Amino acid sequence: MAQSEAVATAAAAMRREVVLPEFENPPATVDVPASRVTRIVTIDAPRSTVWRCLTEPDLLARWLGDIAAFPEGVVAGATGRFAWSGEVVLAARILEVVPEERFVFDWAEGILSGRASTVEIALRDLDDCTQVHLVESGFPLEGDDATRREALRALAAGWTVELDELVDLAESLAG
């Protein structure tokens, strides 16, 4: 190949649009000593759309379980449940609702008790997107560090899947 052809080929390559892979949100992480799972995701949707996905039971059930039932509404003090078909039912109590900013609830398998963990979800604007910061803590885990680590990793894997579903839902609603 002549030098002029090589220069022309290189120039054409530089003019081509560079296609970067689609960004993926990182998975949930665990903090064994604090018995905490954390995940931060960025959603290409307005905060109001993400908030609807967190607080409207029909939308909530599309990403977090199969059923989200809150007969009193999604308001502080209300009780309800989340369920996954053929799996587990979690009783829930809403602790705090700050519209489009913060949603906090306790939940536990079967009935609410001293074995409930707390889920805190905070929203903030990030450029033209919404950042969701989730922390679940207060797990009543037993056993040595290795056993607790494995239990937390399983919970983190669950939040990774569930929040990926939230991202997909909110982005589809945003159009």
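Is Trp84 buried or exposed in this structure? In this predicted model, Trp84 has a relative accessibility of 17% and therefore counts as buried, the cut-off being under 20%. The sections below place this residue among the aromatic pairs, the nonpolar core and the largest pocket.

**Aromatic pairs**

Eight aromatic pairs are present in the structure. Two of them are set out in the table.

| Pair | Geometry | Centre to centre | Angle between planes |
|---|---|---|---|
| Phe70 and Phe82 | edge-to-face | 5.5 Å | 70° |
| Trp84 and Trp107 | tilted | 6.2 Å | 55° |

The pair of Phe70 and Phe82 links distant parts of the chain, with the two positions 12 residues apart in numbering. Phe70 belongs to the loop between β3 (67–69) and β4 (79–83), whereas Phe82 is part of strand β4. Phe70 counts as buried because its relative accessibility is 7%. Phe82 is likewise buried, with a relative accessible area of 0%.

The pair of Trp84 and Trp107 also joins distant parts of the chain, its members being 23 residues apart. Trp84 sits in the loop between β4 and β5, and Trp107 in strand β6. With a relative accessible area of 7%, Trp107 is buried. Both pairs have their members in a cluster linked by ring pairs, which comprises Trp51, Phe70, Phe82, Trp84, Phe103, Phe105, Trp107 and Trp159.

**The nonpolar core**

The largest nonpolar core contains 41 residues. Those with the most contacts inside this core are Ile43, Trp63, Leu64, Phe82, Trp107, Ile121 and Trp159. Two or more core residues come from each of the helices α2 (47–55), α3 (57–63) and α4 (145–174). The strands that do so are β2 (36–43), β5 (89–98), β6 (102–109), β7 (117–126) and β8 (129–137). Helix α4 provides the largest share of the core, eight residues.

Which residues does Trp107 touch, not counting those up to four places away in sequence? Its contacts are Leu64, Phe82, Trp84, Leu90, Ala91, Ala92, Leu112, Ala116, Ser117, Val119, Glu136 and Trp159. Among these partners, Leu64, Phe82 and Trp159 also appear in the list of core residues with the most contacts.

**The largest pocket**

The largest pocket holds about 450 Å³ of space. Its lining consists of 20 residues, and Leu90, Trp107, Glu136, Phe139 and Leu155 lie nearest the centre. The elements that contribute two or more residues to this lining are β6 and α4. Helix α4 supplies five residues, the largest share of the lining. By class, the lining comprises 13 nonpolar, two polar and five charged residues. Trp107 thus has a place both among the core residues with the most contacts and among the lining residues nearest the centre of the pocket.

**Loop residues with positive phi**

Two residues other than glycine may be noted for their backbone geometry. Glu100, in the loop between β5 and β6, has a positive phi near 60°. Because its relative accessibility is 32%, Glu100 counts as partly exposed. Asp127 is found in the loop between β7 and β8, and its phi is also positive, at about 55°. Asp127 counts as exposed because its relative accessibility reaches 73%.

Key: Residues numbered from 1 in each chain as written. Predicted model: local features only at pLDDT ≥ 70, side-chain atom pairs only at ≥ 80, totals over all residues. Heavy atoms only, no water. Core = buried A, V, L, I, M, F, W, Y, C linked by side-chain atoms within 4.5 Å. Buried < 20%, exposed > 50% of the residue type's maximum accessible area, 1.4 Å probe, protein only. Helix = DSSP H or I, 4+ residues; strand = E, 2+ residues; numbered from the N terminus. Contact = heavy atoms within 4.5 Å. 1 Å grid on protein atoms, 1.4 Å probe; cavity = no way out; pocket = protein on both sides within 12 Å on 5 of 7 lines; lining within 4 Å. Points joined across faces, edges and corners; volume = space filled by probe spheres on them. Nonpolar A, V, L, I, M, F, W, Y, C, P; charged D, E, K, R; others polar. Phe/Tyr/Trp six-rings, centres within 6.5 Å; stacked < 30°, edge-to-face > 60°.
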